[in-house]
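This report walks through one protein model for a reader who has not seen it before. The sequence and structure come first, and the description follows.

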Amino acid sequence: MSKPWKGMKEFVGLEEVTKLDYLVMLFAEILGTFLLVFIGCASCIPNNANIPAVLHIAFTFGLAVASLAQALGPISGCHVNPAVSFGLMISGNCSLLKTISYAVCQCCGAIAGFAVLKLIIPKEQAGDRLGLTALAFNVSAAQGLAMEIIITFLLVLVVHAVTDPKRTDVKGWAPLAIGLTIAVAHMAAVPITGSSMNPARSLGPAVMHDHYDHLWIYWVGPLIGAGVAGAVYRMGLRANKEDNEGSYDF
């Protein structure tokens, strides 16, 4: 892990993104988000006209992230979520250029992941709303926004806690802790907003379906929640750490 930024040069991160191995990190983020969206959205496919249970979807997304964190964490940190990258930037653990480049790669990976999923399953089975995150009936935009803020706040707070190098009590548990956090957030929020917490995850299906209703909620909500979590952890919850970047390294 690298040291958190302490000045403008570290905040921008130009030196970091010009290294050759940075391309491998970007590929890891593309691959990770591709697999997350492909596997996660596949869990939403109806089986014999039966809608998958919330528990089924929740654990698919949660365990997918846990698996990806084990595989890709030491390479790129396995953010696979623009909100996570943004929250780490706010807390001083991710440079500006790294946050932007990660977000672009995550969005590309998400679109590609859903495109492949849509290509390989029958159109009749996929329908015209497979994988879309949408507000439930009678849920207002404000209510949906609040839910996305809260569940993303929880996710990014947990990410900071379990990747804090001063927290030796959670050594090796980061993937499982983050995966379970995603699962429990899905259990709570799928019936309300579809539970995104991840702007890229919502963007992929939206682009492939050409359906952008309320997409802004799934960008604004997670970014606000992540930003607040990053600020809160930086100001008062970190374990007196002075160095090391938050990531899934363990």
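Ile182 is buried, with a relative accessible area of 7%; the cut-off for buried is under 20%. The structure is a predicted model, and in it Ile182 belongs to helix α9. Leaving aside residues up to four places away in sequence, Ile182 touches Phe61, Gly62, Val65, Leu155 and Met197. Ser196 is 14 residues from Ile182 in sequence, and their C-alpha atoms are 9.5 Å apart in space.

Ile182 also has a place in the largest nonpolar core, which has 48 residues. The residues with the most contacts inside this core are Leu36, Leu117, Leu130, Leu155, Ile178 and Ile182. Two or more residues each come from α3, α4, α5, α6, α8 (141–163), α9, α10 and α11. Helix α8 gives the most, with seven residues. Apart from this core there is a second, separate one of five residues, among them Tyr22, Met25, Leu26 and Cys105.

Three loop residues are compared in the table by location and relative accessible area.

| Residue | Loop | Relative accessible area |
|---|---|---|
| Asn81 | between α4 and α5 | 4%, buried |
| Ser195 | between α9 and α10 | 0%, buried |
| Asp210 | between α10 and α11 | 58%, exposed |

Asn81 has a polar side-chain atom 2.8 Å from the backbone nitrogen of Ala83. Not counting residues up to four places away in sequence, Asn81 touches Gln106, Leu155, Met197, Asn198 and Pro199. Leu155 and Met197 are also among the residues touched by Ile182.

What is the sign of phi at Ser195 and at Asp210? Most residues other than glycine have a negative phi. Ser195, however, has a positive phi near 55 degrees. Asp210 likewise has a positive phi, near 55 degrees. Asp210 counts as exposed because its relative accessibility is 58%, and the cut-off for exposed is over 50%. Ser195, with a relative accessible area of 0%, is buried.

Helix α10 covers residues 199–209. How many of its eleven residues are buried? Nine are, and the helix is mostly covered. The buried ones are Pro199, Ala200, Arg201, Ser202, Leu203, Gly204, Pro205, Ala206 and His209. They pack against α3 (22–42), α4 (54–76), α5 (82–90), α6 (96–120) and α11 (217–237). At the start of α10, a side-chain oxygen of Asn198 comes within 3.0 Å of the backbone nitrogen of Ala200. Just after the helix comes Asp210, with its positive phi of about 55 degrees.

The last topic is open space. Rolling a probe the size of a water molecule over the atoms shows where empty space is left. The second largest pocket has a volume of about 410 Å³. Its lining is made up of 18 residues, and those nearest the centre are Cys44, Ile51, Arg129, Gly131 and Leu132. At least two lining residues come from each of α4, α7 (123–126) and α9 (174–193). By type, the lining residues of this pocket divide into eleven nonpolar, five polar and two charged. Helix α9 thus appears in the pocket lining, and it also gives two or more residues to the largest nonpolar core.

Definitions and conventions:
Residues are numbered from 1 along each chain as its sequence is written. This is a predicted model: local features need pLDDT of at least 70, side-chain atom pairs count only at pLDDT 80 or more; totals for chains, interfaces and linings use all residues. Side-chain values use heavy atoms; hydrogens and water are left out. Buried means under 20% relative accessible area, exposed over 50%, partly exposed in between (1.4 Å probe, protein chains only). Contact means heavy atoms within 4.5 Å. A polar contact is a pair of N or O atoms within 3.5 Å; within protein, one must be able to donate a hydrogen and the other to accept it, and residues adjacent in sequence count only if both atoms are side-chain atoms. On a 1 Å grid over the protein atoms alone, a cavity is a set of points where a 1.4 Å probe fits but cannot get out, and a pocket is an open set with protein on both sides within 12 Å along at least five of seven lines; lining residues have an atom within 4 Å of a point. Grid points are joined across faces, edges and corners, and a volume is the space filled by probe spheres set on the points. Ala, Val, Leu, Ile, Met, Phe, Trp, Tyr, Cys and Pro count as nonpolar, Asp, Glu, Lys and Arg as charged, and the others, Gly among them, as polar. A nonpolar core is a set of buried Ala, Val, Leu, Ile, Met, Phe, Trp, Tyr and Cys residues joined through side-chain atoms within 4.5 Å.
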